[in-house]
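Here are a few exercises to try with the model open in your viewer. Have a go at each one before reading the solution.

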Amino acid sequence: MDIDKLSETVARIQFVADVSLIAHCKEDELKMALSMISDMAGSIDTSFYQDAIYCQAE
């Protein structure tokens, strides 16, 4: 996943989260928003970033 695609996905996640907080969503609407966030977050390929996140113990 290139950095532009990653930035776009993260921006969409942030937008959905912000709108759901500001709008005082009903329970079913909040569940739908969280489901959308989960789907978008699941599409991010983190294998490229694992070396930067985790370090091997020596």
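Three exercises follow, each with a worked solution.

This is a predicted model, where local features need pLDDT of at least 70 and side-chain atom pairs count only at pLDDT 80 or more, while totals for chains, interfaces and linings use all residues. Residues are numbered from 1 along each chain as its sequence is written, and side-chain values use heavy atoms, with hydrogens and water left out.

**Exercise 1.** Find where confidence is lowest and where it is highest in the protein chain.

*Solution.* Start with the average: the protein chain has a pLDDT (the predictor's confidence in each residue, from 0 to 100) of 86, and 93% of the residues score at least 70. Next, go by element (helices are DSSP runs of H or I, at least four residues, numbered from the N terminus). Helix 3 (residues 50-53) is lowest at a mean of 73, and helix 2 is highest at 93.

**Exercise 2.** Work out how helix 1 and helix 2 are oriented to each other.

*Solution.* Take the axes (lines fitted to C-alpha atoms over the stretch in contact, with angles from 0 to 180 degrees between N-to-C directions). Those of helix 1 (residues 3-22) and helix 2 (residues 27-42) come within 10 Å and cross at roughly 170°. The two helices are therefore roughly antiparallel (over 145 degrees) to each other.

**Exercise 3.** Place Cys-25 and say whether Cys-25 is buried or exposed.

*Solution.* First, locate Cys-25: the loop between helix 1 and helix 2. Then check accessibility: at 27% relative accessibility, Cys-25 is partly exposed (between buried, under 20% relative accessible area, and exposed, over 50%; 1.4 Å probe, protein chains only). Finally, leaving out residues up to four places away in sequence, Cys-25 touches Ser-20 and Leu-30 (heavy atoms within 4.5 Å).

Definitions and conventions. Angles under 35 degrees count as roughly parallel, over 145 as roughly antiparallel, 65 to 115 as roughly perpendicular and the rest as oblique.
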